[in-house]
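Colleague: I have the sequence and the model open side by side, and I would like a close look at a single part. Could you pick one residue and walk me outward from there through its surroundings?

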Amino acid sequence: MQSDATNGPAKISAFIQKQLRARKMKSVDPVTATEWLIKRGLQKDIGVRSGSFLRSLCRRGVIAGAEKHGSKWQIKKNKAT
């Protein structure tokens, strides 16, 4: 499977939204979503800090539904996707 560097942020974002719908969840934290990405092969490993790769994508604004509340990121299910 390809590494996280070769998978586009749009593919990662779409996958997370699909998982939120399938799991009937309203939101997910970056650490849990990273575990989903690893199991699916969209990310190689957890990294130095759990969820740091995904949080960096959230900060760049490329993950649909990503919102920061205080110091914590949450990825909310989008109604449009």
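Modeller: Happy to. Let's start at Ala33, which sits in helix H2. Please keep in mind that this is a predicted model.

Is Ala33 buried or exposed? Ala33 has a relative accessible area of 0%, and because the cut-off for buried is under 20%, Ala33 counts as buried. Setting aside neighbours within four places in sequence, the contacts of Ala33 are Ile16, Val28, Leu54 and Ile75. Another distance to look at on your screen is the one to Ile12: that residue lies 21 places from Ala33 along the chain, and their C-alpha atoms are 9.7 Å apart.

Let's follow one of those contacts, Leu54. Not counting residues up to four places away in sequence, Leu54 touches Ala33 again, together with Ile12, Ile16, Pro30, Thr34, Leu37, Ile63 and Ile75. This brings us to the largest nonpolar core, which has 15 residues, and in which Ile16, Leu54 and Ile75 have the most contacts. At least two residues of this core come from each of H1, H2, H3 and S3, with H1 giving the largest share, four residues. As a general background, nonpolar side chains in soluble globular proteins tend to be buried together.

Now step back to the chain as a whole. It holds three helices and three strands, and along the sequence they follow the pattern α-β-α-α-β-β. Of its 81 residues, 33% count as buried. Among contacts between residues at least 6 apart in sequence, 52% join residues at least 24 apart.

The strands come next. They form an open sheet in the order S1-S3-S2, with antiparallel pairing; S1 and S2 are the edge strands, each pairing on one side only. S1 and S3 are joined over two bridges, and Ser27 stands opposite Lys76 of S3. On the other side, S2 (residues 66–69) pairs with S3 over four bridges, where Glu67 has Gln74 as its bridge partner. Two residues lie between the strands in the S2 and S3 hairpin, and there Gly70 takes a positive phi near 65°.

A positive phi also turns up at a residue that is not a glycine: Lys24, at about 55°. Lys24 belongs to the loop between helix H1 (9–22) and strand S1 (27–28). In contrast to the buried Ala33, Lys24 is exposed, with a relative accessible area of 72%.

Gln74, the bridge partner of Glu67, also leads us to the largest pocket, since Gln74 is one of its lining residues. The volume of this pocket is about 160 Å³. Besides Gln74, the lining consists of Asp29, Pro30, Val31, Arg55, Arg59, Lys68, Ser71, Lys72 and Trp73. Helix H2 (30–40), helix H3 (52–60) and strand S3 (72–76) each give two or more residues to the lining, and S3 gives the most, with three. By class, the lining has five charged, three nonpolar and two polar residues. Notice that Pro30 lines this pocket and also touches Leu54, the residue we reached from Ala33.

Key
Residues are numbered from 1 along each chain as its sequence is written. This is a predicted model: local features need pLDDT of at least 70, side-chain atom pairs count only at pLDDT 80 or more; totals for chains, interfaces and linings use all residues. Side-chain values use heavy atoms; hydrogens and water are left out. On a 1 Å grid over the protein atoms alone, a cavity is a set of points where a 1.4 Å probe fits but cannot get out, and a pocket is an open set with protein on both sides within 12 Å along at least five of seven lines; lining residues have an atom within 4 Å of a point. Grid points are joined across faces, edges and corners, and a volume is the space filled by probe spheres set on the points. Ala, Val, Leu, Ile, Met, Phe, Trp, Tyr, Cys and Pro count as nonpolar, Asp, Glu, Lys and Arg as charged, and the others, Gly among them, as polar. Buried means under 20% relative accessible area, exposed over 50%, partly exposed in between (1.4 Å probe, protein chains only). Two strands pair if DSSP finds at least two bridges between them. Contact means heavy atoms within 4.5 Å. A nonpolar core is a set of buried Ala, Val, Leu, Ile, Met, Phe, Trp, Tyr and Cys residues joined through side-chain atoms within 4.5 Å.
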